[in-house]
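Here are my notes on the model you sent, set out as numbered points. Please read them with the structure open.

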Amino acid sequence: MAKITIVGVGPGDPDLLTLKARDAIRSADYVAGFETVLKPVRRWISGEALPMRYRDQEDVLEQLAAHAESGKLCVVCAWGDLNFSAKELLDRVRRRADVQLIPGVSSVQVACARLGLAMEASIFITLHARDGHEAGLQELVERLKRRRRNIIVLPRPFDLMPAAIAALLLQEGIAANTQLRALQRLSLPDESIREYTLGELAAEEAEFSDLTILVFPV
Ligand SMILES: C[S@@+](CC[C@H](N)C(=O)[O-])C[C@H]1O[C@@H](n2cnc3c(N)ncnc32)[C@H](O)[C@@H]1O
């Protein structure tokens with residue numbers, strides 16, 4: 001079976017790419033990934049870049065698997081770390097090849113570093129799932145009602161963004177004075193971190209970046 005290496009490229013700052021990931025990208029004949037994901041690693045691609053969009057990813061991965069089958073070194077780049085909220089892409093590649101995973105720095109690790117949170121004292125909930133956000137939202141409500149750990153939430157760009165999440169939580173009876181932070185574009189030059197109450201967030205009219213994490217500290 002063809003072999004493909006999947007690397008996590010980190011949360012945006014090219015300096016957060018691991019040396020192992022850089023070497024895999026540099027020595028690859030073909031490097032596939034969503035266009036935004038290839039951006040931080042462009043300078044290391046010496047083979048052919050295969051940018052993909054959501055609608056043509058199956059075709060691009062099929063091409064990549066054919067190259068891998070013929071013995072070429074093939075890499076797929078994923079944002080942040082592969083083991084966090086990237087399962088759909090991993091499954092698409094696994095259907096076509098044996099995969100080797102090179103973990104990266106996750107945006108969640110950067111969030112923990114910025115706020116001084118221990119990962120073992122935190123839970124992560126992603127609303128990013130393509131098969132719906134209901135289960136994630138329900139878990140978030142339950143966790144907020146009996147909170148023991150920090151809760152780190154990934155919104156779903158672009159249809160379930162922070163203000164809409166806050167409004168849904170208020171409807172579910174979570175107190176309007178619940179404190180949280182919105183962390184945007186972590187590790188990038190325009191990174192921002194802002195404190196809100198849930199009530200303030202629900203009323204926020206400013207647009208949020210698609211790279212946003214919400215944190216409810218204990
Ligand atoms: C499909 S998930 C991928 C997460 C990725 N595998 C990781 O480990 O960071 C994309 C979501 O991660 C979060 N995210 C990724 N990079 C970020 C960054 N630099 N700053 C803030 N949030 C980020 C956002 O919530 C975004 O919608």
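1. I would start with the side-chain contact to the ligand. In this predicted model, S106 places a polar side-chain atom 2.7 Å from one of the ligand's oxygen atoms. Of the accessible area of 560 Å² that the ligand has on its own, 93% is covered by the protein.

2. Backbone atoms also take part. A polar backbone atom of F84 is 2.6 Å from a nitrogen atom of the ligand. For P11, the distance from a polar backbone atom to a ligand nitrogen is 2.8 Å.

3. Which residues come nearest to the ligand? They are W79, F84, S106, S107 and T212, out of 19 residues around the ligand. S106 and F84 thus appear both in this group and in the polar pairs above, S106 through its side chain and F84 through its backbone.

4. The make-up of the shell is worth a line in the text. Nonpolar residues number 10, polar residues six and charged residues three.

5. As for the site itself, the ligand takes up the space of the largest pocket.

6. The domain layout should be described together with the site. The protein is split into domain 1, residues 3-105, and domain 2, residues 108-216. Contact between these domains involves 11 residues of domain 1 and 12 residues of domain 2. Their C-alpha centres are 28 Å apart.

7. Why is the ligand said to lie between the domains? Because domain 1 (3-105) and domain 2 (108-216) both contribute residues to the shell around the ligand.

Technical notes:
Residues numbered from 1 in each chain as written. Predicted model: local features only at pLDDT ≥ 70, side-chain atom pairs only at ≥ 80, totals over all residues. Heavy atoms only, no water. Near = heavy atom within 4 Å. Polar contact = N/O pair within 3.5 Å; in protein donor to acceptor, adjacent residues only side chain to side chain. Areas by Shrake-Rupley, 256 points an atom, 1.4 Å probe, with all protein chains shown as cover. 1 Å grid on protein atoms, 1.4 Å probe; cavity = no way out; pocket = protein on both sides within 12 Å on 5 of 7 lines; lining within 4 Å. Sits in = over half its atoms within 2 Å of the grid points. Nonpolar A, V, L, I, M, F, W, Y, C, P; charged D, E, K, R; others polar. Domains from an automatic or database assignment. Contact = heavy atoms within 4.5 Å.
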